[in-house]
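Please look at the structure below and read this report alongside it. The text moves from a single helix to a second helix and the loop after it, and then to the domains and the ligands.

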Amino acid sequence: MGRTLIEKLFDDHTVVAREDGLRLLHIDRHYFHEGSFHAFNQLRARGLPLRRPDLTFGYGDHYAPTDSRSLDGIADSEIRGIVETFEANARAHGTTVQRLADRGQGIVHVAAPETGLTRPGMSVVCGDSHTSTHGALGALAFGIGASEVAHVLATQCIWQALPAQMRVVMTGRLGQGATAKDLALALIARIGTGGGLGHAIEFAGAAVAALPMEARLTLCNMAIEAGARSGIIAPDAITAAYLKVSERWAGLHSDEDAVWAREVTLDAGAVRPMATWGTSPEEAVPLAASVPRVTDAPDAARASAWARSLDYMGLLGGEPLSSLGIDRVFLGSCTNGRLSDLRAAAAVLRGRRIAVPMLISPGSSEVKRAAEAEELHHIFQEAGAEWRESGCSLCVGTNGETVPAGERCASTSNRNFPGRQGRGARTHLVSPASAAASALAGRLVAA
Ligand SMILES: CC(C)[C@H](C(=O)O)[C@@H](O)C(=O)O
Ligand code: SF4
């Protein structure tokens with residue numbers, strides 16, 4: 001029987017296979033950020049050394065201030081303490097670490113792939129759900145919990161069950177003005193945030209094959225919002241060009257006769273620029289459409305979820321999205337903080353002035369340097385936007401940057417749960433081009 005790419009990578013990394021189906025997998029890359037301090041505490045409590053400092057890489061991202069690159073620039077002593085602990089743990093265990101002022105600093109899911117650390121065929125884990133991003137490079141990549149992080153620190157291995165295999169085939173060519181972010185939102189709107197639960201998703205089809213690498217990273221990043229723990233795309237010539245290598249990774253693809261527990265087909269040509277209207281990534285519609293009414297809900301469960309979402313978002317239902325005034329815009333995050341994302345926004349903003357505040361945080365310090373080399377920052381600043389340093393920033397607000405309660409924010413990040421960008425903040429997830437167009441209009445619109 002044929003195997004899927006994920007099944008092959010599981011087999012390749014299996015050290016021990018237990019009778020109950022659990023496998024002990026060897027981990028090729030373990031990335032960590034400030035949030036992994038619990039795991040380092042567990043390691044210390046048990047008096048264990050770090051098994052493979054050479055395969056463990058730290059990135060300061062969640063608590064990174066975007067207005068300064070020095071620890072002293074962090075006014076909040078609790079936040080400063082978390083960043084200090086992160087750096088101290090890396091130092092104590094001799095890992096590579098990207099601190100605030102280091103050239104390689106950035107959001108782990110942006111900075112690690114761009115330096116070629118994540119490669120096809122590898123197993124990659126991080127104590128962070130969006131580790132699925134790295135699957136865009138043909139790696140078996142998934143987020144793990146704190147006690148699992150401790151296990152990896154101590155053994156460089158992890159026990160895992162093989163997930164069910166799901167294939168999402170995206171046919172045709174991406175529609176006019178639509179991006180990988182819109183593809184992801186359209187998929188999640190269709191299958192729901194539980195659509196990929198218990199599954200690893202392989203993205204395939206002509207529309208996926210045509211996506212540049214940064215767009216693939218965006219797509220796999222959002223696999224977790226569809227409920228899956230992993231997203232993966234078979235490596236090809238685009239992967240090789242991105243990594244600047246000539247390999248072709250023979251065998252790193254699903255066999256023709258592989259068996260899929262679930263298959264979904266999406267016509268990419270029909271996908272339009274999307275936005276979320278509610279408090280779940282599945283509550284998304286085309287920007288040209290209207291907010292749904294509770295009475296449109298397909299079932300009673302959805303009707304009550306929608307009612308709660310509309311209430312939190314300050315909406316009645318029925319409003320055209322383009323009539324919704326916004327208070328601010330965030331461009332950044334591990335979903336859409338890469339150079340191509342900044343270019344897409346700059347193309348919309350060039351020579352124009354924004355109507356509402358816009359904060360731009362590049363996904364990594366390298367993205368920042370590359371954008372400045374192209375003078376994108378001048379376009380942003382002349383448009384009136386704030387050009388900041390790299391970090392998770394307004395995606396999650398753990399660095400202290402938040403959206404004030406009641407404000408509506410068009411954001412290129414990946415989550416819109418209540419309070420995600422700050423207590424009472426109202427998030428509308430969009431692509432970089434739509435975020436820029438919305439900043440100009442002061443309303444939610446497509447470019
Ligand atoms: C803080 C971290 C563990 C969390 C995650 O797992 O994804 C964060 O990155 C997020 O996006 O919510
Ligand atoms: S940018 Fe957002 S989604 Fe990505 S790792 Fe940071 S907090 Fe999580």
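The expected span of a helix is 1.5 Å times one less than its number of residues. In this predicted model, that rule can be tried on helix α10, which covers residues 300-313. Because α10 has 14 residues, it should span 20 Å, and its end C-alpha atoms are indeed 20 Å apart, so the expectation and the model agree.

**Two helices and their buried faces**

Which residues of α10 are buried? They are W306, S309, L310 and M313, and, seen down the axis of α10, the buried residues fall within an arc of 100°, so they line one face of the helix. The face turned away from that buried side carries the exposed residues A300, A301, S304 and D311. The strand β19 (426-429) is included in what covers the buried residues of α10. Just after this helix comes G314, which takes a positive phi of about 70°.

Helix α14 can be described along similar lines, with L376, I379, F380 and A383 as its buried residues. Seen down the axis of α14, these buried residues fall within an arc of 95°, and therefore they line one face of the helix. The cover over them includes the helices α12 (339-349) and α13 (365-373), together with the strands β16 (358-360) and β17.

| Helix | Buried residues | Arc of the buried residues |
|---|---|---|
| α10 | W306, S309, L310, M313 | 100° |
| α14 | L376, I379, F380, A383 | 95° |

**The glycine after α14**

α14 is followed by G384, whose phi is positive, near 105°, and this glycine has its place in the loop between α14 (376-383) and β17 (386-387). Is G384 buried, exposed or partly exposed? A residue is buried if 20 or more other C-beta atoms lie within 10 Å of its own, and exposed if 12 or fewer do; G384 is partly exposed because it has 16 other C-beta atoms within 10 Å. Leaving aside residues up to four places away in sequence, G384 touches R353 and I354. The C-alpha atoms of G384 and M358 are separated by 7.7 Å, although the two residues are 26 residues apart along the chain.

**Domains**

On the scale of the whole protein, the chain is divided into domain 1 (14-160), domain 2 (164-274) and domain 3 (275-441). The centres of domain 1 and domain 2, taken over C-alpha atoms, are separated by 25 Å, and the contact takes 18 residues from domain 1 and 20 residues from domain 2. On the side of domain 1 that touches domain 2, α4 (108-114) and β7 (140-143) each supply at least two residues, with β7 giving the most, namely 4 residues. This side of domain 1 is made up of 7 nonpolar, 10 polar and 1 charged residues.

**Ligands**

The residues around ligand 1 are G35, H62, D128, S129, H130, G143 and V396, and this shell divides into 1 nonpolar, 5 polar and 1 charged. Ligand 2 is surrounded by 13 residues, of which the closest are S333, C334, C392, C395 and V396, and its shell divides into 5 nonpolar, 6 polar and 2 charged. Between which domains does ligand 2 lie? Domain 1 (14-160) and domain 3 (275-441) both give residues to its shell, so ligand 2 lies between them.

Terms used: Residues numbered from 1 in each chain as written. Chains lettered and ligands numbered in written order. Predicted model: local features only at pLDDT ≥ 70, side-chain atom pairs only at ≥ 80, totals over all residues. Domains from an automatic or database assignment. Contact = placed C-beta atoms within 7 Å. Nonpolar A, V, L, I, M, F, W, Y, C, P; charged D, E, K, R; others polar. Near = placed C-beta within 6 Å. Arc of directions from axis to C-beta.
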